[in-house]
Amino acid sequence: MRAQAVRRDGALADDFVIQRAPRQVHVLNAPSPAATSSLEIARHIAAIADDVDS
């Protein structure tokens, strides 16, 4: 059993949910393959963070 994000329409979020806010990046859902894809996801989040801080 694991927690899983639910979208506003009630559907399960089957993939990563990444949201931006001023000077913030939030990862709201990290499904099962998270460990397998963690380096690529980290690169993606780092690129978003660079953009948020600019």
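## Asn-29

Asn-29 sits in strand S2. In this predicted model, Asn-29 is buried, at a relative accessible area of 4%. That value falls well within the buried class because the cut-off is under 20%.

The side chain of Asn-29 makes polar contacts with the backbone at two places. One partner is the backbone nitrogen of Ala-5, at 3.1 Å. Another is the backbone oxygen of Asp-15, which lies 3.0 Å from a polar atom of the Asn-29 side chain. Beyond four places in sequence, Asn-29 is in contact with Gln-4 and Ala-5. Further contacts of Asn-29 are Ala-13, Asp-14, Asp-15, Phe-16 and Val-17.

## The hairpin

Strand S2 covers residues 24–29. Its partner is strand S1, residues 17–21. The two strands run antiparallel and are joined by five bridges. In one of these pairings, Arg-20 is matched with Val-25 of S2.

Two residues separate S1 from S2 in the hairpin. Arg-23 lies in the turn and has a positive phi of about 60°. In a regular strand, side chains alternate between the two faces of the sheet.

## Helix H1 and the salt bridge

How many salt bridges does a search of the whole structure find? There is one. It pairs the side chains of Arg-43 and Glu-40, with an N to O distance of 3.2 Å.

Both residues belong to helix H1, residues 38–53. Arg-43 and Glu-40 are three residues apart, so about one helical turn separates them. Is Arg-43 buried or exposed? Arg-43 counts as exposed, at 52% relative accessibility. Glu-40 is exposed as well, with a relative accessible area of 51%. Both values pass the cut-off because exposed means over 50%.

## The chain as a whole

The chain has one helix and two strands. From the N terminus on, the order is β-β-α. Of the 54 residues, 13% are buried. Asn-29 is one of the buried residues.

The accessible surface comes to about 4400 Å². Carbon and sulfur atoms account for 52% of that surface. Among contacts with a separation of 6 or more, 35% link residues 24 or more positions apart.

## Confidence

The average pLDDT of the chain is 80. A score of at least 70 is reached by 83% of the residues. Confidence is highest in S1, at a mean of 86, and lowest in H1, at 82. Where pLDDT is low, the predicted coordinates should not be read in detail.

Key:
Residues are numbered from 1 along each chain as its sequence is written. Side-chain values use heavy atoms; hydrogens and water are left out. Two strands pair if DSSP finds at least two bridges between them. Helices (H or I, at least four residues) and strands (E, at least two) are DSSP runs, numbered from the N terminus. A salt bridge is a side-chain nitrogen of Lys or Arg within 4 Å of a carboxyl oxygen of Asp or Glu. Buried means under 20% relative accessible area, exposed over 50%, partly exposed in between (1.4 Å probe, protein chains only). pLDDT is the predictor's confidence in each residue, from 0 to 100. Contact means heavy atoms within 4.5 Å. Accessible areas come from the Shrake-Rupley method with a 1.4 Å probe; for residues, only the protein chains shown count as cover. A polar contact is a pair of N or O atoms within 3.5 Å; within protein, one must be able to donate a hydrogen and the other to accept it, and residues adjacent in sequence count only if both atoms are side-chain atoms.
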